[in-house]
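Thanks for coming, everyone. I'll walk through one model today, strand by strand. Please keep the viewer open while I talk.

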Amino acid sequence: MRHGSRRGQGRAGRVARLFLAPLVAALLLGAGPGDPGDPGDPGGSGETVSLDGDRPGERLDVTLTRVVDPAGAAAPAPGADRLVAVGLRLENTGTVPYEDSPAPAAHLLDTEGRLFTGLGGATDAGPALPGTVTLAPGRSAAGFVLFRVPERARPAAVQFALDAGRGDAIAQWSLP
């Protein structure tokens, strides 16, 4: 399942999205993937969602390419958080340069409705997206964004929004 939508403009729309997105995801998505201790799953949907930015000519195609859970070399200690890596491909399909920070633009929702914001950093899953991505029209970048989640959290969806996650347009992919 994928979604691309326009959210309400301004602070009220962003605040509503931050509080309502986890609840809506939990209600609509139901159960998430199997045992989070399973080795990396290539569970990326491969679906591309186009997002229009606030500036004229700003457009980004975002593809969920892979989900690796857990993303660390070793299983976390009992009760400790674990890392989940989400692979994304970003392609500037607009007519103006795109510059943004992909880690805070990405969110992971779990089956309990909790929202986790992406982190920068290296992962065993593959190359990380840089802290800031600058893409000329027609150019693309790919890499992983990390999430630190509780040991028993079951990822249910991935979201991505422009403007470091504060954009009005949001892409969402349900996880198996």
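Let's begin at one hairpin. Strand β3, residues 59-68, pairs with β2 through 5 bridges, and the sense is antiparallel. One caution before we go on: this is a predicted model.

Find Ser 50. Its opposite number in β3 is Asp 61. Now look at the two faces of β2. Val 49 and Leu 51 make up the covered face. Thr 48, Ser 50 and Asp 52 make up the uncovered one. Between β2 and β3 the hairpin has 6 residues, and Gly 57 there takes a positive phi near 85°.

Next, zoom out to the sheet. Which strands form it, and in what order? There are 4 strands, and the order is β2-β3-β4-β9. The sheet is open, and its pairing is antiparallel. The edges are β2, at 48-52, and β9, at 140-149; each of these pairs on one side only. From one strand to the next, the twist averages 30°.

Now the other pairings in that sheet. β3 and β4 run antiparallel and are joined by 8 bridges. Val 62 faces Leu 90 of β4 across that pairing. On we go to β4 and β9. They are antiparallel too, over 10 bridges. Leu 90 has its bridge partner in β9 at Ala 141. So Leu 90 is a handy landmark: Val 62 stands opposite, and Ala 141 is its bridge partner in β9.

How enclosed is β4? Strand β4 covers residues 82-92, and 8 of its 11 residues are buried, so the rest of the structure largely encloses it.

Back to β3 for one residue. Thr 63 sits in that strand. Buried or exposed, would you say, for Thr 63? Its relative accessibility is 10%, so Thr 63 counts as buried. The cut-off for buried is under 20%. What does Thr 63 touch, leaving aside neighbours within four places in sequence? Gly 46, Glu 47 and Thr 48 are among its contacts. The list also includes Gly 87, Leu 88 and Arg 89, as well as Trp 173.

Now the cores. The largest nonpolar core has 30 residues. Leu 88, Phe 147 and Phe 160 have the most contacts inside it. Take Phe 147. Not counting residues up to four places away in sequence, Phe 147 touches Arg 82, Leu 83, Val 84 and Val 86, among others. Its contacts also include Ala 106, His 107 and Leu 108, plus Phe 116, Thr 117 and Gly 118. Another core lies apart from the largest one. That other core has 6 residues, including Val 68, Ala 71, Ala 125 and Leu 146.

There is one more strand pair to show. Strand β10, residues 155-161, pairs with β11 over 5 bridges, in the antiparallel sense. Gln 159 stands opposite Gln 172 of β11. As for burial, β11 spans residues 169-174. Of its 6 residues, 5 are buried, so β11 is largely enclosed by the rest of the structure.

Last topic: charges. How many salt bridges does a search of the whole structure find? The search finds 6. I'll show three.

Start with Arg 59 and Asp 52. They form a salt bridge with the closest N and O atoms 2.5 Å apart. Arg 59 has 32% relative accessibility, so Arg 59 counts as partly exposed. Asp 52 is partly exposed too, at 38% relative accessible area.

Next, Arg 55 and Glu 58. Their side chains meet in a salt bridge at 3.7 Å, N to O. Here the two ends differ in burial. Arg 55 is partly exposed, at 43% relative accessibility. Glu 58 is at 9%, so Glu 58 counts as buried.

Finally, Arg 114 and Glu 112. The closest N and O atoms of this salt bridge are 3.7 Å apart. Arg 114 is partly exposed, with a relative accessible area of 31%. Glu 112 is exposed, at 60%. Which residues share a network here? Asp 110, Glu 112 and Arg 114 are joined into one network by salt bridges that share partners.

One residue to take away: Leu 88. Leu 88 is one of the residues with the most contacts inside the largest nonpolar core, and Thr 63 is in contact with Leu 88. Questions, please.

Definitions and conventions: Residues numbered from 1 in each chain as written. Predicted model: local features only at pLDDT ≥ 70, side-chain atom pairs only at ≥ 80, totals over all residues. Heavy atoms only, no water. Pairing = 2+ DSSP bridges. Axes fitted to C-alpha atoms, helices over the stretch in contact; angles between N-to-C directions. Core = buried A, V, L, I, M, F, W, Y, C linked by side-chain atoms within 4.5 Å. Buried < 20%, exposed > 50% of the residue type's maximum accessible area, 1.4 Å probe, protein only. Contact = heavy atoms within 4.5 Å. Salt bridge = Lys/Arg side-chain N within 4 Å of Asp/Glu carboxyl O.
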